[in-house]
Amino acid sequence: MTKQEADEFTTALSERYIQIQKYSSHNNELLSLWDDVIETLPPDIKRGFEEKYDHLVRESSS
């Protein structure tokens, strides 16, 4: 995976995760599945996801 592909992947993943948390908060099984998948990401991809996710959370809090 190229750096650009990894960046696009983590951006899409973090945006989708925010949506799932927002609209499926009643579905703990789905959220748990996503959490499990995120835990299995390669370290560099996981780090990119976490950075983008944290940024989106901060944006939505403003």
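In this predicted model, the axes of H1 and helix H2 (residues 28-39) come within 10 Å, crossing at roughly 155°. That angle is over 145°, so H1 counts as roughly antiparallel to H2. H1 also packs against a second helix, H3 (residues 43-61), and there the axes cross at roughly 50°.

**H1 against H2**
- The handedness here is left: H1 and H2 make a left-handed crossing.
- On the H1 side, the residues in contact are Leu 13, Arg 16, Tyr 17, Ile 20 and Gln 21.
- H2 answers with Leu 30, Leu 31, Trp 34, Asp 35 and Ile 38.
- Sorted by class, this contact has 7 nonpolar residues, 1 polar and 2 charged.

**H1 against H3: geometry**
- H1 spans residues 3-23, and its axis comes within 8 Å of the H3 axis.
- A crossing of roughly 50° falls outside the parallel, antiparallel and perpendicular ranges, so H1 and H3 are oblique to each other.
- H1 passes H3 in a right-handed crossing.

**H1 against H3: who touches whom**
- From H1, the contact takes in Ala 6, Asp 7, Phe 9, Thr 10, Thr 11, Leu 13, Ser 14, Glu 15, Tyr 17, Ile 18 and Gln 21.
- From H3, the partners are Ile 45, Gly 48, Phe 49, Lys 52, Tyr 53, Leu 56 and Val 57.
- The class tally for this contact is 10 nonpolar, 5 polar and 3 charged residues.

**Shared residues on H1**
- Leu 13, Tyr 17 and Gln 21 turn up in the contact with H2 and again in the contact with H3.

Key
Residues numbered from 1 in each chain as written. Predicted model: local features only at pLDDT ≥ 70, side-chain atom pairs only at ≥ 80, totals over all residues. Heavy atoms only, no water. Axes fitted to C-alpha atoms, helices over the stretch in contact; angles between N-to-C directions. Helix = DSSP H or I, 4+ residues; strand = E, 2+ residues; numbered from the N terminus. Parallel < 35°, antiparallel > 145°, perpendicular 65-115°, else oblique. Left-handed = near helix turned anticlockwise from the far one by under 90°. Contact = heavy atoms within 4.5 Å. Nonpolar A, V, L, I, M, F, W, Y, C, P; charged D, E, K, R; others polar.
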